Amino acid sequence: MSPLSLLLVFVATVAAMEGFAYVMHRWVMHGPGWFLHASHHRPRTGLWEANDLYFVIFALPSILLLLGGVQWGWGNWATACGAGIAAYGAIYLGFHDIIVHKRVRHGYVPRSRYMKRIVQAHRLHHAVETKDGTVSFGFLVAPRPAALKQELARRARAGVRHPVSRADQAR
């Protein structure tokens, strides 16, 4: 494959991963996989949570494709596809775990309209602590926060957690 074709496979894979992440988050993590994902909708008490196993699970296809492309002769397409999955994982880690959930301390404050929108949409997703009634399942593409708030109101705020007091946050 030409370098341009490999670049297109890489970029297409990164883009397709947003759709895959939406489907997995909406119908697996908030479905039969809730037993792991539920830990992510509760306050974290330590460095790790059961939901972190999804990061390992979703890394396996990337590892397999990278090994297949580099070591097992599957072709450069497999390497480009595996690298695209890994790139999406890195973007997800930076956005989700570092920027939104602050698992690494930082002073970043979202200022662009895009970053404000996706951070707020993800926070509205976490306003619901049950597997049902949640809004906004994408990570890099998100509906307008106003639309998400309307949907939460339409659902009579089912599963929405009660506000946490400053004293509770300090614990």
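User: Before we look at single pairs, what is a salt bridge here, and how far apart are the closest N and O atoms of Arg44 and Glu49?
Analyst: A salt bridge is a side-chain nitrogen of Lys or Arg within 4 Å of a carboxyl oxygen of Asp or Glu. Happy to apply that here, keeping in mind that this is a predicted model. Arg44 and Glu49 form such a salt bridge, and their closest N and O atoms are separated by 3.7 Å.

User: Thanks! Which partner in that pair is buried, Arg44 or Glu49?
Analyst: Buried means under 20% relative accessible area, and partly exposed runs from there up to 50%. Arg44 has 32% relative accessibility, so Arg44 counts as partly exposed. With a relative accessible area of 11%, the buried residue is Glu49.

User: How many salt bridges does the structure hold?
Analyst: As general background, side chains of opposite charge can pair when their charged atoms come close. Arg44 with Glu49 is one of the pairs here, and Asp52 with Arg103 is another. In total, the salt bridges in the structure number four.

User: How many residues apart are Asp52 and Arg103?
Analyst: The side chains of Asp52 and Arg103 meet in a salt bridge at 2.8 Å, N to O. This pair links distant parts of the chain, with Asp52 in the loop between helix H2 (34-37) and H3, and Arg103 in the loop between H4 and helix H5 (113-125). Asp52 is buried, because its relative accessible area is 16%. Along the chain, the separation of Asp52 and Arg103 is 51 residues.

User: Which residue joins Asp52 and Arg103 in a network of salt bridges?
Analyst: Arg103 also forms a salt bridge with Asp97, where the closest N and O atoms are 3.8 Å apart. This partner is buried, as Asp97 has 10% relative accessibility. The residue linked with Asp52 and Arg103 in a network of salt bridges is therefore Asp97.

User: Let's turn to the second largest pocket. Which helix gives the most to its lining?
Analyst: The second largest pocket holds about 580 Å³ of space and is lined by 33 residues, with Tyr54, Phe55, Gly89, Tyr92 and Asp97 nearest its centre. Helix H1 (3-29), helix H3 (53-70) and helix H4 (76-100) each supply at least two residues of that lining. With ten residues, the helix that gives the most is H4.

User: How many residues of that lining are nonpolar?
Analyst: The lining of the second largest pocket is made up of 33 residues. By class, four of them are charged and six are polar. The nonpolar residues number 23.

User: Are the rings of Tyr54 and Phe58 stacked or edge-to-face?
Analyst: Tyr54 and Phe58 both lie in helix H3, four residues apart, about one turn of the helix. Planes under 30 degrees apart count as stacked, and over 60 as edge-to-face. The structure has six aromatic pairs. In this one, the ring centres of Tyr54 and Phe58 are 5.7 Å apart and the planes are at 20°, so the pair is stacked.

User: Which residue forms one aromatic cluster with Tyr54 and Phe58?
Analyst: Tyr54 is buried, because its relative accessibility is 7%. Phe58 has 24% relative accessibility, so Phe58 counts as partly exposed. The residue that forms one aromatic cluster with Tyr54 and Phe58 is Phe20.

User: One last thing: how far apart are the C-alpha atoms of Val11 and Asp52?
Analyst: Val11 is found in helix H1 and is partly exposed, because its relative accessibility is 46%. Val11 and Asp52 are 41 residues apart along the chain, and the separation of their C-alpha atoms is 25 Å.

Terms used:
Residues numbered from 1 in each chain as written. Predicted model: local features only at pLDDT ≥ 70, side-chain atom pairs only at ≥ 80, totals over all residues. Heavy atoms only, no water. 1 Å grid on protein atoms, 1.4 Å probe; cavity = no way out; pocket = protein on both sides within 12 Å on 5 of 7 lines; lining within 4 Å. Points joined across faces, edges and corners; volume = space filled by probe spheres on them. Nonpolar A, V, L, I, M, F, W, Y, C, P; charged D, E, K, R; others polar. Buried < 20%, exposed > 50% of the residue type's maximum accessible area, 1.4 Å probe, protein only. Phe/Tyr/Trp six-rings, centres within 6.5 Å; stacked < 30°, edge-to-face > 60°.
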